[in-house]
Amino acid sequence: MSRAANGPSALENVSLDQDMSEVPSLNESQDAVHSGSPSHIPLQRTAIPPSSLPTTSSWQTPLNNAVRSPSPALNGDENKAQVTKPGHSKIDSIKQWSISTYKCTRQILSEKLGKGTRTIDAEMEAQIELLRDTQSKYLNILRLARALTSHFYNVVHTQHSLGEAFSELSHKSPELQEEFLYNADTQRSLSKNGENLLGALKFFVSSLNTLCNKTMDDTLLTVKQYESARLEYDAYRNDLEELMQNNQGNVMSSKVDETKKNYIAHKEKYEKLRADVSIKMKFLEENKVKVMHKQLLLFHNAVSAYFSGNQSLLESTLKQFNVKLKSPNANSPSWLEQ
């Protein structure tokens with residue numbers, strides 16, 4: 001019984017030892033995979049590209065995409081419209097701008113060469129020309145008034161300094177003290193009246209600058225828009241006339257309709273800007289008369305009162321026109337007082 005029990009156990013041990021001897025060690029496991037024993041079936045390993053190996057992230061990507069990506073059946077048309085619409089609108093605007101620029105350039109050349117016709121509004125063009133001439137003359141007055149204000153400021157500053165010098169010498173020269181004091185008082189009085197006149201001149205320059213460089217410029221900006229609209233209107237009008245004359249009976253209805261549509265749109269734009277220019281020029285003329293009447297009266301009264309030595313008239317003139325004076329030697333208030 002003991003041999004029968006030991007017989008199978010010994011055979012199993014021998015077979016197990018043979019199998020263990022053929023198994024490679026852990027350090028040589030990689031070589032054993034590539035070069036197996038000839039007595040056994042060689043282990044073959046198929047080369048798999050790294051990109052095709054399934055990973056954890058690749059297993060989870062379909063699930064994430066299924067959750068995050070919108071359904072093509074529901075949002076496919078919407079996404080397509082969101083992507084393509086801005087591109088199409090930009091391309092259409094560039095195309096429209098190129099066509100309009102070409103037509104306007106051709107119209108300008110035609111007018112200069114005397115081949116094309118243009119819309120002429122003699123009354124409006126005369127008013128525009130008069131406005132530009134008026135602005136040019138007013139700008140010249142503004143330049144001269146600024147020069148006068150600058151020179152007179154130097155005179156007032158010099159008079160003030162001269163009065164201080166006379167006053168100082170009156171204390172150091174007893175024999176000429178009375179004469180120095182007379183001259184010091186005279187220069188101080190002239191300096192004070194000069195500051196009043198300087199305030200009136202600054203107010204005159206400020207108002208004239210607003211009229212020339214803001215009010216008139218705003219109207220002339222509308223005039224430029226009106227002239228551009230007139231050029232575009234004539235370009236599309238001549239284009240329509242040329243299309244109708246050269247292709248009588250063979251004109252495609254779609255092209256004619258599109259040209260007429262553009263012509264009507266530019267005609268409406270031209271007429272609207274023409275009305276805007278007419279209104280603005282009317283209000284500008286009224287505003288110009290009102291402003292210049294006040295400023296010219298101020299300029300005349302202030303200059304006359306100063307050079308006649310009438311200090312009370314000069315001060316009353318400044319009060320009449322609400323001119324606030326600021327002495328050139330006065331210190332500016334602190335931020336706490338403001």
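Here are a few questions and answers about the pocket and the nonpolar cores of this predicted model.

The model is predicted, with local features needing pLDDT of at least 70 and side-chain atom pairs pLDDT 80 or more, while totals for chains, interfaces and linings use all residues. Residues are numbered from 1 along each chain as its sequence is written, and side-chain values use heavy atoms, without hydrogens and water.

Q: What makes a residue part of the lining of the largest pocket?
A: A pocket is an open set of points on a 1 Å grid over the protein atoms alone, where a 1.4 Å probe fits, with protein on both sides within 12 Å along at least five of seven lines; a lining residue has an atom within 4 Å of a point. Here 14 residues line the largest pocket, and Ile-99, Lys-103, Glu-258, Thr-259 and Asn-262 are the closest to its centre.

Q: How do the residues of this lining divide into nonpolar, polar and charged?
A: Asp, Glu, Lys and Arg count as charged, Ala, Val, Leu, Ile, Met, Phe, Trp, Tyr, Cys and Pro as nonpolar, and the others, Gly among them, as polar. By that rule, eight are charged, three polar and three nonpolar.

Q: Why is a set of residues called a nonpolar core?
A: The name fits because its members are buried (under 20% relative accessible area, 1.4 Å probe, protein chains only) Ala, Val, Leu, Ile, Met, Phe, Trp, Tyr and Cys residues joined through side-chain atoms within 4.5 Å. The largest has 25 residues, with Tyr-138, Leu-208, Leu-211 and Tyr-226 touching the most other members.

Methods
Buried means under 20% relative accessible area, exposed over 50%, partly exposed in between (1.4 Å probe, protein chains only).
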